[in-house]
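Visitor: I'd like to learn how to read a model like this one. Could you walk me through it?

Guide: Sure, let's put it on the screen and take it feature by feature.

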Amino acid sequence: MKKLSVLAAGLGLCALAIAADADRVSVVDPYVRLAPPNAMATGAFMVIRNAGERDVRVVRASNPASRITELHTHLHENGVMKMRPVPAIDIKAGGEAVLKPGGLHVMLIDLKTPLQEGGRLPITLEFADGSSLRVEAPVVRPTAGGMPMNRP
């Protein structure tokens, strides 16, 4: 009986040591930019924080509003800004990844129906270890000065 208790305690410690990436990550200020009428794509933005002691990697995102969801970045090539898919977004241990207009973001392509200002869109972030985190992102209208990270 004593051996069984020691084994159970050891397994519990192992489980804590291999906690899922999603358990160490939090998301701050998520939002989806309201697309103009008839636009078939838009972007989602947020700050992804890693409170863990090892790096984590977002490898995929999904949502119910678009047929295609990709992790993207902006590149400057020959004076032209272009969006390109990226295979993953890395977040260093104790660090964060800022997804913002003009930088890393989640691209929602081929919208099934127009998004509504004030609505909320669930976005699921998937990590390299197979875990996932669901984020509720409000749909907000772009402002003349850009999209503030701290909105009401």
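Visitor: Where is the place of Pro142?

Guide: Bear in mind that this is a predicted model. Pro142 sits in the segment after strand 10 (132-140).

Visitor: Is Pro142 buried, partly exposed or exposed?

Guide: Partly exposed counts as the range between 20% and 50% relative accessible area. Pro142 comes in at 36%, so it belongs in that class.

Visitor: And what separation do the C-alpha atoms of Pro142 and Arg33 have?

Guide: They are 6.2 Å apart, although their positions lie 109 residues apart along the chain.

Visitor: How much of the contact pattern is long-range in sequence?

Guide: Take the contacts between residues at least 6 apart in sequence: 66% of them join residues at least 24 apart.

Visitor: What does the secondary structure of the chain come to?

Guide: One helix and ten strands. Reading along the sequence, you meet the helix and then the strands, as α-β-β-β-β-β-β-β-β-β-β.

Visitor: How do I read the backbone angle phi?

Guide: Most residues other than glycine have a negative phi, so a positive one is worth a look. Here, Asn78 has a phi near 55°, and Asp110 has one of about 60°. Neither of these is a glycine.

Visitor: Where is Asn78 found?

Guide: In the loop between strand 4 (66-77) and strand 5 (80-85).

Visitor: Is Asn78 buried or exposed?

Guide: The cut-off for exposed is over 50%. Asn78 has 82% relative accessibility, so it counts as exposed.

Visitor: What about the place of Asp110?

Guide: Asp110 is in strand 8, which covers residues 105-111. With a relative accessible area of 27%, Asp110 is partly exposed.

Visitor: Zooming out, what share of the chain counts as buried?

Guide: Of its 152 residues, 36% do. As for the outside, the accessible surface comes to about 9000 Å². Carbon and sulfur atoms account for 58% of that surface.

Visitor: What pLDDT does the chain average?

Guide: The average is 87, and 82% of the residues score at least 70. Over residues 4-17, though, the pLDDT is below 50. Beyond near neighbours in sequence, that stretch has zero contacts in the model.

Methods
Residues are numbered from 1 along each chain as its sequence is written. This is a predicted model: local features need pLDDT of at least 70, side-chain atom pairs count only at pLDDT 80 or more; totals for chains, interfaces and linings use all residues. Side-chain values use heavy atoms; hydrogens and water are left out. Helices (H or I, at least four residues) and strands (E, at least two) are DSSP runs, numbered from the N terminus. Buried means under 20% relative accessible area, exposed over 50%, partly exposed in between (1.4 Å probe, protein chains only). Contact means heavy atoms within 4.5 Å. Accessible areas come from the Shrake-Rupley method with a 1.4 Å probe; for residues, only the protein chains shown count as cover. pLDDT is the predictor's confidence in each residue, from 0 to 100.
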